[in-house]
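Here is a short report on one protein chain. It moves from a single residue to the overall fold and then to the surface.

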Amino acid sequence: MQKQGNDDDFKELFAQHVPKEVERINRLINMLINYTRPIRSNKERVLVSDLINDSTYIAQISITNSEKINFKTDRIVQAYIYVNRDQIKQALINLIMNSIQSVEEKLLGNYSEYPEGLVICISSYRLNKQICIEVYDEGGGMTDAELKKCIEPFFTTKAKGLGMGLALTKQFVNQNLGKLEFESRKNEFTTIRIVFEEDIE
């Protein structure tokens with residue numbers, strides 16, 4: 001700033017890039033704080049469809065190529081889980097945001113290859129007395145090696161990824177006695193599934 005502060009080109013680049021990087025650092029710090037923060041045990045009975053509706057709405061706001069992303073939901077009407085609502089909503093938002101970023105990167109500069117666009121689907125269903133919440137996308141996918149490392153802090157396959165989303169998601173799911181399951185094929189798809197015991201009154 002001292003050396004180039006009067007240069008108009010420098011000022012323009014500074015104004016363009018620095019705020020974005022400050023925001024990126026801020027997000028990373030917040031993720032680290034959440035990753036190390038002790039769990040608050042304020043669990044409650046949560047309707048799964050409400051959880052999906054809230055998370056999907058928040059994540060969809062960030063989509064930049066909405067005409068090329070086919071966003072679908074398929075959820076059971078009445079199913080409850082006993083969890084910390086805020087933690088599991090944040091975990092689900094992290095998964096949906098990962099899918100959005102993966103699909104957007106795959107579409108970047110390749111619109112003509114996908115005339116019908118690409119799919120992101122959020123679904124929920126019962127399986128063996130458990131409730132599964134699933135996020136599927138037709139984004140860049142992962143290799144077997146990447147799948148093994150994807151929940152490690154700071155590991156990312158995305159150009160703009162921070163590498164904390166899945167690590168934080170796994171922590172939140174574990175703290176709420178759930179399971180996280182992965183399926184993926186490079187350049188084809190990724191499916192991430194959160195599994196909880198159903199809360200039946």
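## A buried isoleucine and an exposed glutamate

Isoleucine 133 is buried, with a relative accessible area of 1%. The model is predicted. Isoleucine 133 belongs to strand β5, which covers residues 130-137. Beyond its neighbours within four places in sequence, isoleucine 133 is in contact with Val48, Leu51, Ile52, Ile81, Leu92, Ser123, Ser124, Ile192, Arg193 and Ile194. Isoleucine 76 lies 57 residues away along the chain from isoleucine 133, and their C-alpha atoms are separated by 10.0 Å.

Now the chain as a whole. There are 5 helices and 7 strands. Read from the N terminus, the order of elements is α-β-α-β-β-α-β-β-α-α-β-β. The chain has 201 residues, and 42% of them count as buried. Take the contacts between residues at least 6 apart in sequence: 74% of these join residues at least 24 apart. The accessible surface is about 11800 Å². Carbon and sulfur atoms account for 50% of that surface.

Next, the surface. Glutamate 12 sits in helix α1, residues 8-36. Is glutamate 12 buried or exposed? Glutamate 12 is exposed, at a relative accessible area of 54%; the cut-off for exposed is over 50%. Asp7, Asp8 and Asp9 join Glu12 in a surface patch of negative charge.

The two residues side by side:

| Residue | Element | Relative accessible area |
|---|---|---|
| Isoleucine 133 | strand β5 (residues 130-137) | 1%, buried |
| Glutamate 12 | helix α1 (residues 8-36) | 54%, exposed |

Key:
Residues numbered from 1 in each chain as written. Predicted model: local features only at pLDDT ≥ 70, side-chain atom pairs only at ≥ 80, totals over all residues. Heavy atoms only, no water. Patch = residues over 30% accessible without salt bridge, like charges linked within 9 Å, V, L, I, M, F, W, Y side chains within 5 Å. Areas by Shrake-Rupley, 256 points an atom, 1.4 Å probe, with all protein chains shown as cover. Salt bridge = Lys/Arg side-chain N within 4 Å of Asp/Glu carboxyl O. Lys, Arg positive; Asp, Glu negative; His and termini not counted. Charge placed at Lys NZ, Arg CZ, Asp CG, Glu CD. Helix = DSSP H or I, 4+ residues; strand = E, 2+ residues; numbered from the N terminus. Buried < 20%, exposed > 50% of the residue type's maximum accessible area, 1.4 Å probe, protein only. Contact = heavy atoms within 4.5 Å.
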